[in-house]
Amino acid sequence: MTEMHADVPGGRLFVVDDGDGPPIVLLHAGVADLRAWDAMVEPLNAAGYRVVRFDTRAYGASTTDDVDFSPMADVIAVLDALGIGRAALVGNSRGGRIAFDTAIEYPDRIVAVVGVGAGLGGFEVEPRADEIPILEAYERVDSAEPFDADALTDFETQVWLDGPGQQPHRVHWTLREMFRMMARPLNEPGRVRGREIRLEPPANERLDELRVPVLAIAGSLDFSDVVHTAHRLAAVAPDARAIVWDDVAHMIGMEQPDRLAATIVDFLGPLDRWS
């Protein structure tokens with residue numbers, strides 16, 4: 001394992017590089033950091049892949065000034081810093097949105113994308129009736145005065161790890177502790193986050209430009225829009241398919257790392273080797 005920092009305009013990204021072989025970059029969710037992928041590294045390395053993870057700006061051990069920045073350009077900066085020409089991207093939630101955006105903006109650098117409970121820029125669907133009270137409660141705890149970072153972190157652990165409307169503590173306590181360890185610092189008031197530049201027009205209007213193979217994996221215990229996103233990609237992107245697992249929520253790489261890693265390996269196996 002190699003740890004390093006990649007300098008980007010107005011920021012510094014913490015990068016972890018494991019193994020040899022065709023490189024896969026793992027992009028974490030917006031409620032976590034690169035440690036969410038810890039259990040994925042060994043099975044992907046064992047399958048012959050180089051695994052690169054990094055904390056996006058303002059997450060984990062990465063920092064940013066109060067500047068405008070492109071998360072897609074940051075992905076490419078990490079590839080350049082490691083001497084990687086092309087990579088497969090695996091992105092969870094916000095990381096999935098960044099992965100799709102990067103594949104559209106830098107098509108020569110990306111060989112495939114796996115979205116894991118992924119977002120898709122510009123794609124929105126109405127929540128189910130049973131989800132509306134949960135989303136309203138989320139908004140209340142997020143905007144409460146006085147603000148309570150611990151209460152928000154507890155709520156996020158429930159909806160993103162256990163799943164909205166699922167029984168509390170559905171997921172093992174060790175994963176809950178890991179999730180809270182990642183999420184709690186993100187909720188600290190005053191954290192400098194920078195200003196993210198979004199892809200324009202958004203990816204949902206440019207899916208015909210998503211020319212690489214795409215696999216969209218979602219959990220039926222997640223918010224329903226995530227499942228709709230997976231089906232949207234499978235229906236419209238030129239070379240995409242969707243898988244929906246009935247027993248997982250949003251943080252699939254934490255819940256089912258071995259199953260997810262095996263699915264990624266099967267998906268990437270037919271591709272020509274890349275570097």
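The legends below describe close-up views of a predicted model.

**View 1. The largest nonpolar core and the surroundings of Phe100.** The largest nonpolar core holds 39 residues, and the members that touch the most others are Val25, Phe54, Phe100, Val113 and Leu210. Setting aside neighbours within four places in sequence, Phe100 is in contact with Val113, Gly115, Ala118, Gly119 and Leu120, and also with Leu210, Val214 and Leu233. Apart from the largest core lies another core of 26 residues, which includes Leu26, Met40, Ala112 and Leu215. As background to this view, nonpolar side chains in soluble globular proteins tend to be buried together.

**View 2. The largest pocket and the residues at its centre.** The largest pocket encloses about 990 Å³ of space. Its lining is made up of 31 residues, of which Ser93, Arg94, Gly119, Trp160 and Asp225 are the closest to the centre of the pocket. Three helices, α3 (94-105), α4 (132-142) and α7 (224-236), each supply at least two residues of this lining. By residue class, the lining of the largest pocket divides into 12 nonpolar, nine polar and 10 charged residues.

**View 3. The second largest pocket and its lining.** The volume of the second largest pocket is about 160 Å³. Gly30, Val31, Tyr59, Tyr138, Asp142 and Phe147 are among the residues that line the second largest pocket, and the lining also includes Leu152, Glu156, Ala183, Leu186, Asn187 and Arg193. The elements that give two or more residues to the lining of this pocket are α4, α5 (149-162) and α6 (173-186). Seven nonpolar, two polar and three charged residues make up the lining of the second largest pocket.

**View 4. The largest cavity, beside strands β8 and β10 and helix α7.** The structure holds one cavity of 30 Å³ or more, and the space in the largest cavity comes to about 40 Å³. The residues lining the largest cavity include Gly115, Val116, Gly117 and Ala118, together with Ala216, Ile217 and Ala218, and also Val226, Thr229, Ala230 and Leu233. Strands β8 (110-116) and β10 (214-219) and helix α7 each supply at least two residues of this lining, and α7 gives the most, with four residues. The lining of the largest cavity divides into eight nonpolar and three polar residues, with no charged residue.

**View 5. A salt bridge between helices α5 and α6.** In the structure as a whole there are 22 salt bridges, and one of them joins the side chains of Arg180 and Asp154, at 2.9 Å from N to O. This pair links distant parts of the chain, with Arg180 in helix α6 and Asp154 in helix α5, 26 residues apart. Arg180 is partly exposed, with a relative accessible area of 23%, and Asp154 is likewise described as partly exposed, with a relative accessible area of 42%. In general, side chains of opposite charge can pair when their charged atoms come close.

**View 6. The salt bridge between Glu209 and Arg206.** Glu209 and Arg206 form a salt bridge in which the closest N and O atoms are 3.0 Å apart. Glu209 is partly exposed, with a relative accessible area of 32%, whereas Arg206, at 14% relative accessibility, counts as buried.

**View 7. The salt bridge between Asp247 and Arg259, and a network of charged residues.** The closest N and O atoms of the salt bridge between Asp247 and Arg259 are 2.7 Å apart. Asp247 lies in the loop between β11 (240-245) and α8 (252-255), while Arg259 lies in helix α9 (residues 257-268), so the pair ties together parts that are 12 residues apart in sequence. Asp247 counts as partly exposed at 35% relative accessibility, and Arg259 counts as partly exposed at 26%. Turning to another set of residues, Arg94, Arg97, Asp101, Glu196 and Arg198 are joined into one network by salt bridges that share partners.

**View 8. Glu200 in the loop between β9 and β10.** Glu200 is found in the loop between strands β9 (195-196) and β10. Glu200 has a relative accessible area of 60% and is therefore exposed, the cut-off for that class being over 50%. Between the C-alpha atoms of Glu200 and Trp173 the distance is 40 Å, and these two residues are 27 residues apart in sequence.

How values were computed. Residues numbered from 1 in each chain as written. Predicted model: local features only at pLDDT ≥ 70, side-chain atom pairs only at ≥ 80, totals over all residues. Heavy atoms only, no water. Core = buried A, V, L, I, M, F, W, Y, C linked by side-chain atoms within 4.5 Å. Buried < 20%, exposed > 50% of the residue type's maximum accessible area, 1.4 Å probe, protein only. Contact = heavy atoms within 4.5 Å. 1 Å grid on protein atoms, 1.4 Å probe; cavity = no way out; pocket = protein on both sides within 12 Å on 5 of 7 lines; lining within 4 Å. Points joined across faces, edges and corners; volume = space filled by probe spheres on them. Nonpolar A, V, L, I, M, F, W, Y, C, P; charged D, E, K, R; others polar. Salt bridge = Lys/Arg side-chain N within 4 Å of Asp/Glu carboxyl O.
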